[in-house]
Amino acid sequence: MGSECYQNRLDREHRARGSLGPLPCREGELLQSLAFIGRHIGEGNMAEAVAADLDADLNNLVMSEEVEPLYAAVKKFIAEDVEPNTPAYFDAAFEHGDRWSLSPRQEDILAGLKDKAKANGLWNFFLPDAETGEGLKNLDYAYIAAELGKNPIASECLNCSAPDTGNMEVLERYGTPEQKEKWLKPLLEGEIRSAYAMTEPNLASSDAKQIATQARLDGDEWVLNGEKFYISGAGDKRCKIMITMVQTNPAAPPHRQQSQILVPTDNPGVQIIEPMTVFGRDDAPHGHMHLKFNDARVPKENILLGEGRGFEISQGRLGPGRIHHCMRSVGQAERALDLMVRRGMSREAFGKPLVQLGKNLELVSRARIEIEAMRLMVLKAAKAMDVLGNREARIWVHMCKAMIPERTCQIIDQAIQMHGAAGVSQWTPLAGMYTGQRTLRIADGPDEVHHLVVGRAELRRYDENFGRS
Ligand SMILES: Cc1cc2nc3c(=O)[nH]c(=O)nc-3n(C[C@H](O)[C@H](O)[C@H](O)COP(=O)(O)OP(=O)(O)OC[C@H]3O[C@@H](n4cnc5c(N)ncnc54)[C@H](O)[C@@H]3O)c2cc1C
């Protein structure tokens with residue numbers, strides 16, 4: 001970039017491309033407005049300097065110095081404590097005869113790992129700028145989450161697992177002091193777990209404006225009626241609270257009809273119907289539950305932020321939740337490539353190592369190139385969240401969610417192929433990783449919806465009213 005300031009670059013692009021700005025999002029709009037205001041009030045230099053600073057800051061993707069030792073400690077903890085305990089943890093599943101709770105041996109293993117992580121300060125990294133003082137910047141957390149993604153229980157050991165991280169961030173940002181005391185505190189301590197209940201079986205839930213579960217105020221209580229499915233984590237007995245998206249006012253404008261309400265899972269009006277399966281597995285004890293609200297009554301104060309503000313919260317919640325998934329996915333892609341290379345180099349056919357047959361070397365090369373591209377995307381999105389805020393940075397998050405699960409899924413698929421039959425077996429983690437990433441292309445919004453948002457933002461650089469009805 002040299003010494004050329006942001007506005008000069010912008011003007012150069014304008015000249016080259018007609019009247020178009022360089023960035024398909026509010027970041028571009030923000031920088032342009034700063035420069036515009038500056039030019040028109042005679043303070044061009046100041047505005048340019050601010051814009052250039054912001055631009056430089058957004059592109060500075062280096063981990064903070066103070067986080068470097070934490071990052072090293074997380075890697076060490078995963079290698080020396082979590083990895084050696086992972087096989088025993090899964091072997092101990094269901095040995096007590098109940099599929100919907102951890103076995104005593106699993107509880108012991110997890111408690112030991114959590115205590116050690118907490119004692120070493122490896123805890124709640126995901127919560128940026130929290131009042132409680134916990135959490136790292138999104139950028140720093142991105143580096144750590146990619147490491148967590150390589151092991152199936154590492155995130156929980158550090159109290160950084162889905163869907164709790166997104167839910168805790170909602171409670172931290174929008175919860176009342178009472179809500180925080182009752183739900184956020186035990187979640188931050190890792191004592192309970194939570195779920196997010198939005199999707200409904202009888203309507204296309206990727207268009208959240210359609211959500212039809214009703215909540216009506218009756219005196220001092222909300223009364224909920226409706227049906228949800230694929231509510232992840234609601235099967236686990238440790239799950240005590242669900243953030244539930246409901247329709248509170250069908251007569252309001254489309255984006256003001258919905259609200260989010262806290263519903264305890266032991267509410268007598270909550271009926272668990274069955275676990276939904278994912279590629280034939282019920283993911284017990286976590287579970288993706290099909291459930292009904294039958295006149296489920298909760299106190300009026302259980303609403304988050306206020307009536308009609310459900311979409312506002314979604315914009316705040318889904319960003320962090322989605323980017324955390326993408327951060328862990330980068331780690332999964334890295335793990336898949338590692339397994340692919342080790343297998344390809346250690347097994348021979350037709351007189352050569354597998355990795356040298358056909359186009360396998362190119363597959364390895366493509367995987368490495370794309371992992372590095374995905375990592376940069378995720379770091380950039382995380383930095384945008386730190387610098388611009390979740391709302392302004394959301395286009396970057398949509399870009400990541402559109403790209404990363406799809407590409408990670410392909411890399412895992414190629415790693416499976418390199419393993420032959422063993423790739424789909426219980427001998428490697430690849431089959432589970434594949435189904436996880438494949439479902440991530442649907443969960444938290446299907447790929448197409450993210451492409452819709454990114455594509456629409458791109459077209460709005462040409463016609464600012466594109467797609468607005
Ligand atoms: C393993 C798993 C875990 C989940 N966990 C949760 C959870 O914890 N909480 C929760 O509330 N939900 C959860 N979900 C549900 C998930 O978020 C929804 O399935 C998702 O939002 C899509 O909604 P839908 O299934 O109703 O699909 P639909 O909305 O019916 O969409 C079906 C398909 O239509 C196409 N489509 C939709 N919109 C567009 C568009 N604009 N352009 C082009 N094509 C489009 C896409 O191909 C899409 O896949 C989970 C799902 C899975 C599989």
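**View 1. The shell around the ligand, by residue class.** In this predicted model, the shell around the ligand is made up of 14 nonpolar, seven polar and two charged residues. If you would like a few side chains to pick out, try M198, A204, S206, S232 and E448, which come nearest among the 23 residues around the ligand.

**View 2. Where the shell residues come from.** Which domains each give the shell at least three residues? Domain 3 (194-304) and domain 4 (311-459) both do. Looking at secondary structure, β1 (193-197), β3 (221-232) and α14 (447-459) each contribute at least two residues to the shell around the ligand.

**View 3. The largest nonpolar core.** Here we turn to a core of 108 residues, the largest nonpolar one, where A142, A336, V378, A381, C400 and A415 have the most contacts inside it. Helix α12 provides the largest share of this core, with 14 residues. In soluble globular proteins, nonpolar side chains tend to be buried together.

**View 4. Around C400.** Setting aside neighbours within four places in sequence, C400 is in contact with I323, C326, M377, V378 and A381. Two of these partners, V378 and A381, are also listed with C400 among the core residues with the most contacts.

**View 5. I412 in its helix.** Is I412 buried or exposed? I412 is buried, because 30 other C-beta atoms lie within 10 Å. This residue sits in helix α12 (residues 394-419). Beyond its neighbours within four places in sequence, I412 is in contact with Q332, A336, L430, M433, Y434 and Q437. Look for L337 as well: its C-alpha atom is 7.5 Å from that of I412, although the two residues are 75 residues apart along the chain.

Definitions and conventions
Residues numbered from 1 in each chain as written. Predicted model: local features only at pLDDT ≥ 70, side-chain atom pairs only at ≥ 80, totals over all residues. Helix = DSSP H or I, 4+ residues; strand = E, 2+ residues; numbered from the N terminus. Buried ≥ 20, exposed ≤ 12 C-beta atoms within 10 Å, placed from the backbone. Contact = placed C-beta atoms within 7 Å. Near = placed C-beta within 6 Å. Nonpolar A, V, L, I, M, F, W, Y, C, P; charged D, E, K, R; others polar. Domains from an automatic or database assignment. Core = buried A, V, L, I, M, F, W, Y, C linked by C-beta atoms within 7 Å.
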